[in-house]
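Subject: Structure for you to look through

Hello,

As promised, I am handing over the structure, and my notes on it come after. Please keep it open beside you while you read.

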Amino acid sequence: MLFGYKPSKIEVDSVMSSINPNTSGILLEGFLNIVRKKKEAQRYRNEVRHIFTAFDTYYRGFLTLEDFKKAFRQVAPKLPERTVLEVFREVDRDSDGHVSFRDFEYALNYGQKEA
């Protein structure tokens, strides 16, 4: 918690189970690597949240097709509206006409693990 992140019990158990029982703890380097990875993931998620909020100009907690069109007109004005519609449909995973933060985050993370 001193580093701005509170690990869950599962995370603590996972780290502690990887420690050699003949030692009295985890090496500082190992601990710092774990904290660094968590902080990087948290920072990335905050950046995704910031982008989502920039799209969500009415602060509704979801994005509509109109929100997408407006955002794409600003960042890629020559992109055909049909392409924007296709992107929206792809990101709207449950086809409810709204893109939640979870949908948006999933779309931005798509393919990241393979790269």
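Below is what was found, going from the whole chain to single helices and then to one residue.

Please bear in mind throughout that this is a predicted model. The protein chain contains five helices and two strands, and, if you read along the sequence, these follow the pattern α-α-β-α-α-β-α. Of the 115 residues in the protein chain, 19% are buried, while the chain exposes about 9,200 Å², of which carbon and sulfur atoms supply 57%. If you take the contacts between residues at least 6 apart in sequence, 45% of them join residues that are at least 24 apart.

From the record, an unreviewed UniProt entry carries the annotation "domain: EF-hand" for residues 43-78 and 79-114. In the model, residues 43-78 are 67% helix and 6% strand, and the end C-alpha atoms of this span lie 31 Å apart.

Helix α2 covers residues 28-55, and its length can be checked by a short piece of reasoning: at 1.5 Å a residue, its 28 residues should span 40 Å, and the end C-alpha atoms are 41 Å apart, which agrees. The buried residues of α2 are Val35, Val48, Phe52 and Phe55, and what covers them includes β1, α3, β2 and α5.

Helix α4, at residues 81-91, is a good place to see how a helix can have two sides, since Val84, Phe88 and Val91 are buried there. Seen down the axis of α4, these buried residues fall within an arc of 70°, so they line one face of the helix. It helps to recall that an α-helix has 3.6 residues a turn, so residues three or four places apart point the same way. On the other side of α4, Arg82, Arg89 and Glu90 are exposed. The cover over the buried residues of α4 includes β1 (62-63), α3 (65-75), β2 (99-100) and α5 (101-109).

Finally, is Asp67, which lies in helix α3, buried or exposed? Asp67 has 4% relative accessibility, and because buried means under 20%, Asp67 counts as buried. Its side chain makes a polar contact with the side chain of Arg60, at 2.4 Å. Leaving aside residues up to four places away in sequence, Asp67 touches Phe55, Thr57, Tyr58, Arg60 and Phe62; of these, Phe55 is also one of the buried residues of α2.

Best wishes

Methods. Residues numbered from 1 in each chain as written. Predicted model: local features only at pLDDT ≥ 70, side-chain atom pairs only at ≥ 80, totals over all residues. Heavy atoms only, no water. Buried < 20%, exposed > 50% of the residue type's maximum accessible area, 1.4 Å probe, protein only. Helix = DSSP H or I, 4+ residues; strand = E, 2+ residues; numbered from the N terminus. Arc of directions from axis to C-beta. Contact = heavy atoms within 4.5 Å. Expected span 1.5 Å × (residues − 1). Areas by Shrake-Rupley, 256 points an atom, 1.4 Å probe, with all protein chains shown as cover. UniProt positions renumbered as here; feature names shortened; annotations may be inferred. Polar contact = N/O pair within 3.5 Å; in protein donor to acceptor, adjacent residues only side chain to side chain.
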